[in-house]
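Work through the exercises below with the sequence and the coordinates side by side, and try each task before reading its solution.

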Amino acid sequence: MIGTLEWTLLDGEHALLVKGDMRRARERFGHAYEQAEQRGEADALARAALGLGGMWVHEHRTAAAAATVRVRQRDALARLDADSPLALRLRIRLAAEDDYRTGGQDAIMALVSEARAAGDPVALAEALSLAHHCVLGPDDGPRRMELARELVGVASRTGRRSDLLIGLLWRAVDLLMEADPHAERALGELRSTLDGEGQQAIESVAGAIEVMLSTRGGRFEHAEERAAAGYERGLAAGDPDAPGRYVRQLAALRWYQGRIGELVPLLTDLLNSPVLPAMDDSPYAGLAVAAAVAGDRRLAECMLARLRRGVLAGGPRTSTWLVSMYAIVEAADLLGDAELAGRAAALLAPYAALPVMTSPGIVCLGSVRHSLGVAAITTGDPGLAVAHLRRAVHENLALGHWPAVALSRSRLGQALALRDGPRDEGARRQLALAEQEAETLGMQVPGHVAERVTCRRAGPRWRVELGARTAFVDHCVGMLHLAALLASPGREIPAADLAAGSPDSVPAPGPVRRVLDGPAGMAYRNRLAQLDTEIAELEAAHQPGRAQERRAERDWLLAELASATGLGSATGLASATGLGPVTGLGGPPRTSCGSEERARTAVGKAIRRAVDRVAIADPVIGGELRATVRTGLRCSYDPD
């Protein structure tokens, strides 16, 4: 007759290995441990301590629970014959937990060899499965696949169906993480083996993989519904990974939907959750990119500062490392941090051929080459970016990852536009394809390509920008004209008005008109209003240095125009433009437009000289200006 203690142990083993019900298994093994301790039964105590470890590693997430289980396992081990099978299994469990926590694998791999030599198939199966948890970094593919292959074979000797299911699961995960085209076939084999007999722990992971595949297929609503259902099932089964798995899947969906900024509160809460493994830095990276998208630069920079001390400082390359690096690159691009992007790219370069995936295959963000391409854009190397992103498009197509294809095409269009100009036919074609694919999927691709050239005063020089490209040009009369045109895209401004706004190019006196009442005046007012807005935004964002740069440009522009129009002072000009307190005018307005033909000639030459200077500093920006700036009796900048 089976005693109460033995029945409790068998019930716990059935719950864990047959049903995959982690909650019930922990409860039954807890009761069994207390009974065995009271009776002083060493073998029963060891079985209960082993069962408390669970099916995976690190199932006890709080410090208190993990410490309690560890003490119980060590105590049970101390009461056993050191050469017994139970002692070997306990040593395997303890070594795996230690290696997983520290990012190592030497201790558990040594015990895999010992289990092989011992000839105990159950101990070997457990060693192979637990070792697999410790070799989930991007460098470990071959070793990981060998462990899974051996586990599938050993399962025929243990007589435990759970060993075969775990082996098939790890095999499918390994093929997914290596972008093997047969991965989904392996997942199908796992599904057929599961069919008809529920195993909640394995089914939970298999379901999460299918959520990832739905996301890759662009079936966002279906993926979100399945992720939510999986989360509920995981909670019911006591799966400690269920909350973190759900948040990661939701973050991937919101990223592709262009809504990642909505998750700042959820990701902030997740950071302090005890359900996350201590060595997992991916929530910091996810929050960094979400905050950057949401416009919270301070929070984004705070998260990146933490990561500089973790995954960016030579920390262990865990199963979430590639996903973390993907988010770091995107956040660095959003923040314009070229140094960080370059540092991340150097770390990612050895893994260019891999997909960005977190084990056990629950999130995929496409080819690593996409991140390398984005980093190259951020560091100002569009040629390298084009090379990486062309490969990323093809590799994402091979994955069947349609949202990632759309994003990589969009970024490829951006890189081509940076290298060859926004009017480049190849750039426009890639951007159009990205828009079409995004529309089909119901997602948004960011507008990475800047269609407008901007310029602003930077001390004695002008800073001319087109997207990530920047050119610095010395001051000349033509740059003042060019600034007025760029401030009012699509608007025609008479050459005479531009000439009257610049003291060095005013032609012979003619009919009087107020420069500030004409289109040129409107252009200058637009630029001044834009500067006021930027100053307010920068001050609100606690960036006094950049705000002072804009304020200096505003003061300089007011002073230049005051001199040109005879308004006596920058204060008087600010009043006349409606951008400052009303004060008396400093003098009569200067006359302009004596001869429209002379104005056309003078202004046209000045603008062309300015564009030539820009082209010397940056041929792409110069080429864009030559294609979009028109001179004549009426001048304009028409980026469309």
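The exercises go from the whole chain to single residues, each with a worked solution.

The model is predicted, so local features need pLDDT of at least 70 and side-chain atom pairs count only at pLDDT 80 or more, while totals for chains, interfaces and linings use all residues. Residues are numbered from 1 along each chain as its sequence is written, and side-chain values use heavy atoms, with hydrogens and water left out.

**Exercise 1. The chain as a whole**

Task: Describe the secondary structure, burial, contacts and surface of the chain.

Solution. Begin with the secondary structure: the chain has 29 helices and eight strands, taken as DSSP runs numbered from the N terminus (helices are H or I, at least four residues; strands are E, at least two). Next, buried residues make up 55% of the 640 residues, where buried means under 20% relative accessible area, exposed over 50% and partly exposed in between, with a 1.4 Å probe and protein chains only. Then take the contacts (heavy atoms within 4.5 Å): among those between residues at least 6 apart in sequence, 63% join residues at least 24 apart. Finally, the accessible surface comes to about 26,200 Å², of which 52% belongs to carbon and sulfur atoms; such areas come from the Shrake-Rupley method with a 1.4 Å probe, and for residues only the protein chains shown count as cover.

**Exercise 2. Two residues of helix α1**

Task: Determine whether Leu9 and Trp7 are buried or exposed, and describe the surroundings of each.

Solution. First, place both residues: Leu9 lies in helix α1, residues 4-19, and Trp7 lies in helix α1 as well. Leu9 has a relative accessible area of 0% and is therefore buried, whereas Trp7, at 54%, is exposed. Leaving aside residues up to four places away in sequence, Leu9 touches Phe29, Ala32, Ala44, Arg47 and Ala48. For one of these, Arg47, the C-alpha atom is separated from that of Leu9 by 7.4 Å, with the two positions 38 residues apart along the chain numbering. Trp7, in turn, joins Ile2 and Leu10 in a nonpolar surface patch with about 310 Å² of accessible area together.

**Exercise 3. Backbone geometry in loops**

Task: Locate a cis peptide bond and two residues with positive phi, and place each in its loop.

Solution. As a reference, most residues other than glycine have a negative phi, and most peptide bonds are trans. The peptide bond from Ser359 to Pro360 is cis, with omega near 0°, and Pro360 is in the loop between β1 (355-358) and β2 (363-367). His58, in the loop between α3 (42-53) and α4 (63-78), has a phi near 55°, a positive value in a residue other than glycine. The relative accessible area of His58 is 14%, so this residue is buried. Ala179, which is not a glycine either, has a positive phi of about 60° and belongs to the loop between α9 (161-177) and α10 (183-194).

**Exercise 4. The surroundings of Ala179**

Task: Which residues does Ala179 touch, not counting residues up to four places away in sequence?

Solution. Start from accessibility: at 33% relative accessibility, Ala179 counts as partly exposed. With sequence neighbors up to four places away left out, Ala179 touches Pro355 and Leu399. As a further check on distance, the C-alpha atoms of Ala179 and Val356 are separated by 9.7 Å, although these residues are 177 apart along the chain.

Note on methods. Patch = residues over 30% accessible without salt bridge, like charges linked within 9 Å, V, L, I, M, F, W, Y side chains within 5 Å. Salt bridge = Lys/Arg side-chain N within 4 Å of Asp/Glu carboxyl O.
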